[in-house]
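Got your viewer open? Here is a short walk through the structure, one selection at a time.

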Amino acid sequence: MGADQIRYALDDGVCTVTLHRPEKLNAINTAMLAELVAALDQADSDDAVRAVIVTGAGRAFCAGADLSGGGQTFDRVARGEEGEHRDGGGVVSLRLYEMKKPVIAAINGPAVGFGVTMTLPMDIRIAATTARLGFVFTRRGVVPEACSTWFLPRLVGISRAAEWVYTGRVFSAAEALEGGLVSRVVEPERLLPVARELALEIARNTSAVSVALSRQLLWRMLGAAHPMEAHRLDSRCMAWTGRSADAYEGVTAFLEKRAPRFTLRPSQDMPAFYPWWPPPSFTP
């Protein structure tokens, strides 16, 4: 893909998307937001991609919004923008939410503001020991964005989310691990190998369609009012997948003690009832 601020690489079923403004600590701007959404679109539509890793170039993951514009950074009227505002970070988060492919955040250094909220819709977050994270919005006179007020309490609980958001303080990778925001903390040199090993575990051993359906079942059920909603969808998806070529192959491979050779493709082999949720809309 043609991109200036995002690097996109595919190897052995694993797509690595790298934020690439190292001289700015990968601070986000309008161009990078657009390139990031384009990279996610490309990865999601490509059946050769089985898992995605997102990381940062240089010593930072992402320093949040690029503040080089000064005090008017968040004032869209002062920048001459017209019409109703739609938060660019939210566009990225919602694109991640819709993904069929699992996404792993490899947080290699500082991740503050959008640098941390963008990771919340990702499925797994792994941090280097050198990473520091912060929901710093109240210290900049603004509010959390990128749908983080929906994602963060669901991931870490309302009390922990409130502490981090209200204080706006920057905290260590160890605290992020203790609070459940990341699942592992590793030495910097091990970060990408560990993330890649996990991505390959998915790519080499699972059905792409099963993973796509499972991913959406997990995320969508976070907002369900009753477990009966999960039961209805589980039953529907189990009935469909149970008749599929991948289910036959998965069972046969297990009985024959060999690696499975799954053939279903998310680009064209999803069940007719997918997606089962109404299309989203934006009305400010």
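Two strands pair if DSSP finds at least two bridges between them. Keep that rule in mind, and remember that this model is predicted.

**Stop 1: the sheet.** Colour by secondary structure and look for an open sheet of six strands, in the order β1-β2-β3-β4-β6-β9, with mixed pairing. The edges belong to β1 and β9 (184-186); each has a single partner strand, so one side of each has no neighbour in the sheet. On average, and ignoring direction, neighbouring strands here are turned by 20 degrees against each other.

**Stop 2: the hairpin.** Select residues 6-11, which is β1, along with β2: the two run antiparallel, joined by six bridges. For a spot to zoom in on, take Arg7, whose bridge partner in β2 is Thr18. Now follow the chain around the turn: two residues separate the strands of this hairpin, and Asp12 in the turn has a positive phi of about 55 degrees.

**Stop 3: β2 itself.** Select residues 14-19 and show side chains. Are they buried or exposed? Six of the six residues of β2 are buried. That holds for both faces, with Val14, Thr16 and Thr18 on one side and Cys15, Val17 and Leu19 on the other.

**Stop 4: across to β3.** Add residues 51-56, strand β3, which runs parallel to β2 and is joined to it by six bridges. Two pairs are handy landmarks: Thr16 has Ile53 as its bridge partner in β3, and Thr18 stands opposite Thr55. To see how the chain gets from β2 to β3, display helix α1 (residues 30-45): the path goes through this helix, and the β-α-β crossover is right-handed.

Stay on β3 and switch its side chains on. Why is this strand largely enclosed by the rest of the structure? Because six of its six residues are buried. One face carries Ala51, Ile53 and Thr55, the other Val52, Val54 and Gly56, and both faces are covered.

**Stop 5: on to β4.** Residues 103-107 form β4, and this strand pairs with β3 in the parallel sense over three bridges. Check Val52, which stands opposite Val103, and then Val54, whose bridge partner in β4 is Ala105.

**Stop 6: a loop residue.** Leave the sheet and pick Asp87, in the loop between β3 and α2. How does Asp87 count in terms of accessibility, and at what percentage? Asp87 counts as partly exposed, because its relative accessibility is 27%, and that class sits between the buried cut-off of under 20% and the exposed one of over 50%. For a distance label, draw a line to the C-alpha atom of Arg232: the two C-alpha atoms are 34 Å apart, with these positions 145 residues apart along the chain.

**Stop 7: a pocket.** Finish at the second largest pocket, which has a volume of about 370 Å³. Select Leu94, Tyr97, Glu98, Arg220 and Pro280; out of the 14 lining residues, these are the closest to the centre of the pocket. Next, display α2 (88-97) and α4 (148-156), the elements that give two or more residues to the lining. Which of them contributes the largest share? It is α2, with three residues. Colour the lining by residue type to end the tour: ten residues are nonpolar, one is polar and three are charged.

Conventions: Residues are numbered from 1 along each chain as its sequence is written. This is a predicted model: local features need pLDDT of at least 70, side-chain atom pairs count only at pLDDT 80 or more; totals for chains, interfaces and linings use all residues. Side-chain values use heavy atoms; hydrogens and water are left out. On a 1 Å grid over the protein atoms alone, a cavity is a set of points where a 1.4 Å probe fits but cannot get out, and a pocket is an open set with protein on both sides within 12 Å along at least five of seven lines; lining residues have an atom within 4 Å of a point. Grid points are joined across faces, edges and corners, and a volume is the space filled by probe spheres set on the points. Helices (H or I, at least four residues) and strands (E, at least two) are DSSP runs, numbered from the N terminus. Ala, Val, Leu, Ile, Met, Phe, Trp, Tyr, Cys and Pro count as nonpolar, Asp, Glu, Lys and Arg as charged, and the others, Gly among them, as polar. Buried means under 20% relative accessible area, exposed over 50%, partly exposed in between (1.4 Å probe, protein chains only). A crossover is right-handed if, with the strands pointing away from the viewer, the path from the first strand over the helix to the second runs clockwise. Axes are lines fitted to C-alpha atoms, for helices over the stretch in contact, and angles run from 0 to 180 degrees between N-to-C directions.
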